[in-house]
Amino acid sequence: ENKRTFIRLWTHEVYRVFYDRLIDDSDRSWLFNVARDLVKTTFKDNFNEIFKHLTPDGQSKPTEDDMRSLMFADFIKTDSTDKNYEEVASLENLYSIVETQLGEYNNMHKAKMDLVIFRYVLEHLVRICRVLKQSGGNALLVGV
């Protein structure tokens, strides 16, 4: 399982470094196929088996859209002082953690943040946290 966790982490980092910067669907599709092929040729493992937990039924072949659920974060274990970069096993659990932290923030500050948390917000929150944890990390956020 450690090898498969490493492969998921590697794929996640490839997606954050390269995939997130691509603007064309055909380029994104190309990168998905390259990552799938590299898992097979370099890591000698089955891409579909490693990422099947990301599919809606947990059994079928993962698609490019399913890979959106591949997230790693260091704020999953809120009761621990160890901030290990771990895979987000459940979006529901991540949602609960973010809602709890938002509630704690609102209880401690006068300026309340009344935010609606949904999947797209969670995806970007994980990405932004990753960037800000890096030494000299920065990001350009563009809202449309």
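**Exercise 1. Place lysine 44 and describe its backbone and exposure.**

Solution. Lysine 44 sits in the loop between H2 and H3. Helices here are DSSP runs of H or I with at least four residues, strands are runs of E with at least two, and both are numbered from the N terminus. Next, the backbone. Lysine 44 is not a glycine, yet its phi is positive, at about 55 degrees. Most residues other than glycine have a negative phi. Last, the surface. Lysine 44 has 63% relative accessibility, so it counts as exposed. The classes are buried (under 20% relative accessible area), exposed (over 50%) and partly exposed (in between), with a 1.4 Å probe and protein chains only.

The model is predicted: local features need pLDDT of at least 70, side-chain atom pairs count only at pLDDT 80 or more, and totals for chains, interfaces and linings use all residues. Residues are numbered from 1 along each chain as its sequence is written, and side-chain values use heavy atoms, leaving out hydrogens and water.

**Exercise 2. Set out the overall architecture.**

Solution. Start with the elements. There are five helices and two strands. From the N terminus on, their order is α-α-α-β-β-α-α. Then take the extent. Along the principal axes, the C-alpha atoms fill a box of roughly 55 × 35 × 35 Å. Now the burial. Of the 144 residues, 31% are buried. Then the surface. The accessible surface comes to about 9700 Å², and carbon and sulfur atoms hold 55% of it. These areas come from the Shrake-Rupley method with a 1.4 Å probe; for residues, only the protein chains shown count as cover. Finish with contacts, meaning heavy atoms within 4.5 Å. Among contacts between residues at least 6 apart in sequence, 46% join residues at least 24 apart.

**Exercise 3. Which elements give two or more residues to the largest nonpolar core?**

Solution. First fix the term. A nonpolar core is a set of buried Ala, Val, Leu, Ile, Met, Phe, Trp, Tyr and Cys residues joined through side-chain atoms within 4.5 Å. The largest such core has 16 residues, and those with the most contacts inside it are Tyr15, Val39, Phe47, Phe51, Met67 and Leu70. The elements that give two or more residues are helix H1 (2-17), helix H2 (25-41) and helix H3 (47-51). H2 gives the most, with four residues.

Now look at one member. Leaving aside residues up to four places away in sequence, methionine 67 touches Thr11, Tyr15, Phe32, Phe47, Phe51 and Leu54. A second, separate core has 12 residues, including Ile76, Val88, Val98 and Leu122.

**Exercise 4. Work through the charges and salt bridges.**

Solution. Count first. The protein has 20 positive and 23 negative side chains, and the centres of the two sets lie 3 Å apart. Lys and Arg count as positive, Asp and Glu as negative; His and the chain ends are not counted. Each charge is placed at NZ of Lys, CZ of Arg, CG of Asp or CD of Glu.

Then the bridges. The structure holds 13 salt bridges. A salt bridge is a side-chain nitrogen of Lys or Arg within 4 Å of a carboxyl oxygen of Asp or Glu. Take these cases in turn:

- Arginine 8 pairs with glutamate 87, with the closest N and O atoms 2.7 Å apart. Arginine 8 is in helix H1 and glutamate 87 in strand E2 (residues 86-87), so the pair ties together parts 79 residues apart in sequence. Both residues are buried.
- Arginine 16 meets aspartate 20 at 2.7 Å, N to O. Arginine 16 is buried at 11% relative accessible area, whereas aspartate 20 is partly exposed at 32%.
- Lysine 133 pairs with aspartate 74, with the closest N and O atoms 3.5 Å apart. Lysine 133 is in helix H5 and aspartate 74 in the loop between strand E1 (72-73) and E2, 59 residues apart. Lysine 133 is exposed at 59% relative accessibility, but aspartate 74 is buried at 14%.
- Asp65, Arg68, Arg119 and Glu123 are linked in a salt-bridge network.

**Exercise 5. Is tryptophan 30 buried or exposed? Then treat valine 121 in the same way.**

Solution. Tryptophan 30 lies in helix H2. Its relative accessibility is 55%, so tryptophan 30 counts as exposed. Its C-alpha atom is separated by 9.8 Å from that of tyrosine 19, 11 residues apart along the chain.

Valine 121 is in helix H5 (residues 119-133). Valine 121 has a relative accessible area of 27%, so it is partly exposed. The C-alpha atoms of valine 121 and arginine 28 are 21 Å apart, with their positions 93 residues apart along the chain.
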